[in-house]
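Here are a few short exercises to work through with the model open in your viewer. Try each task yourself, then check it against the solution.

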Amino acid sequence: MGSSHSISATEIQQLSKKTGFTSDQIEILHRRFKYLSEGRIKLRKNDFHRVSNLESNPIREKIVNAFFDNRNLKNEPGTLEEIEFEDFLTILSNFRPVQVTDESDEVEQIRINKLRFLFNMYDCDGDGKISVEEYKNVVSDLLSKSLSSEKDASSSVAEAAMLEARHMCSGHVDPDQQYEGITFEDFLKIWKDISIESQMYVRFLTMETTRICK
């Protein structure tokens, strides 16, 4: 997107249509983007150290990596070294709360997009499955601030969660049968009764969609 100093009305209109953000929100986020990038037209991972709200977040690294994960931008494997403002906005749109005016089909697509984004955060190696080890790493990060024995705890939680997922998605299976991991289809089943479309924005899009950038 154009200049590092300004953004045109046409660009704002196009981005609003693509992401669902209002014009005012886009202008605010564009100013935050310039602050984080120090005026450059592209943002790098180390620029996120200026986001004070992420400092104490136990999954900070996974959140930052998500902005540079090409699966979230072009549905292609690989990572990017830098992202432009449009990429930045596209990632943040995954945390945009559902509007009451959204059509039911649109709400369902928003839900799927949010879950795909979340699935990609868990599926660190990009093989299309969340393994026990990958899930264990996430749980370990979440527990690291509160438990001194988080390694043992994370293993127990991850293994129990995988066992539950296996029963939920595959029905009755032999306890000794190897479970390769949670696919995205399994992930959709697991989250079927959870209102992710109204909850996933909390950490990012409070304070008029700008809190992540303060």
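**Exercise 1. The end of a helix**

Which residue follows α2, and what is the sign of its phi?

Solution. We're working with a predicted model here. Step off the end of α2 and you land on Glu38, with a positive phi near 55 degrees. Glu38 isn't a glycine, and it belongs to the loop between α2 and β1. Now check its surroundings: the relative accessible area of Glu38 is 57%. The cut-off for exposed is over 50%, so Glu38 counts as exposed.

Now find Asn75 and work out where it sits and what its phi is.

Solution. Go to the loop between α3 (60-67) and β2, where Asn75 has its place. Asn75 is another non-glycine residue with a positive phi, near 55 degrees. Its relative accessible area is 66%, and Asn75 is exposed.

**Exercise 2. Checking α2**

Test the length of α2 against what you'd expect for a helix, then list what it buries.

Solution. Start with the count: α2 covers residues 23-37, which makes 15 residues. At 1.5 Å a residue, the expected span is 21 Å. Now take the C-alpha atoms at the two ends: they are 21 Å apart, so the helix agrees with the expectation.

Next, go through the side chains. The buried set of α2 consists of Ile26, Ile28, Leu29, His30, Phe33, Leu36 and Ser37. Their packing partners are α1 (9-19), β1 (43-44), β2 (82-83) and α4 (85-92).

**Exercise 3. Following the charges**

How many salt bridges does the structure hold? Pick out a few and say how accessible the partners are.

Solution. The total is seven. A bit of background: side chains of opposite charge can pair when their charged atoms come close.

- Take Arg40 and Asp47 to begin with: their closest N and O atoms are 2.4 Å apart. Asp47 is buried at 4% relative accessibility, whereas Arg40 is partly exposed at 24%.
- Move on to Arg44 and Glu82, paired at 2.9 Å from N to O. Arg44 is in strand β1 and Glu82 in strand β2, so this bridge ties together parts 38 residues apart in sequence. Arg44 is partly exposed at 36% relative accessible area, and Glu82 is partly exposed too, at 30%.
- Then look at Asp69 and Arg71, which meet at 2.6 Å, N to O. Arg71 has 18% relative accessibility and counts as buried; Asp69, at 9%, is also buried.

One more step takes you back to the first exercise. Glu38 turns up again in a salt-bridge network, linked with Arg40, Asp47 and Arg50.

**Exercise 4. Zooming out**

Write down the order of helices and strands from the N terminus, then describe the protein as a whole.

Solution. Trace the chain and you get α-α-β-α-β-α-α-α-α-α. That's eight helices and two strands. Now turn to burial: of the 214 residues, 41% count as buried. For the contacts, consider those with a sequence separation of 6 or more: residues 24 or more positions apart account for 57% of them. Last comes the surface, with an accessible area of about 12100 Å². Carbon and sulfur atoms own 47% of that surface.

How values were computed:
Residues numbered from 1 in each chain as written. Predicted model: local features only at pLDDT ≥ 70, side-chain atom pairs only at ≥ 80, totals over all residues. Heavy atoms only, no water. Helix = DSSP H or I, 4+ residues; strand = E, 2+ residues; numbered from the N terminus. Expected span 1.5 Å × (residues − 1). Buried < 20%, exposed > 50% of the residue type's maximum accessible area, 1.4 Å probe, protein only. Contact = heavy atoms within 4.5 Å. Salt bridge = Lys/Arg side-chain N within 4 Å of Asp/Glu carboxyl O. Areas by Shrake-Rupley, 256 points an atom, 1.4 Å probe, with all protein chains shown as cover.
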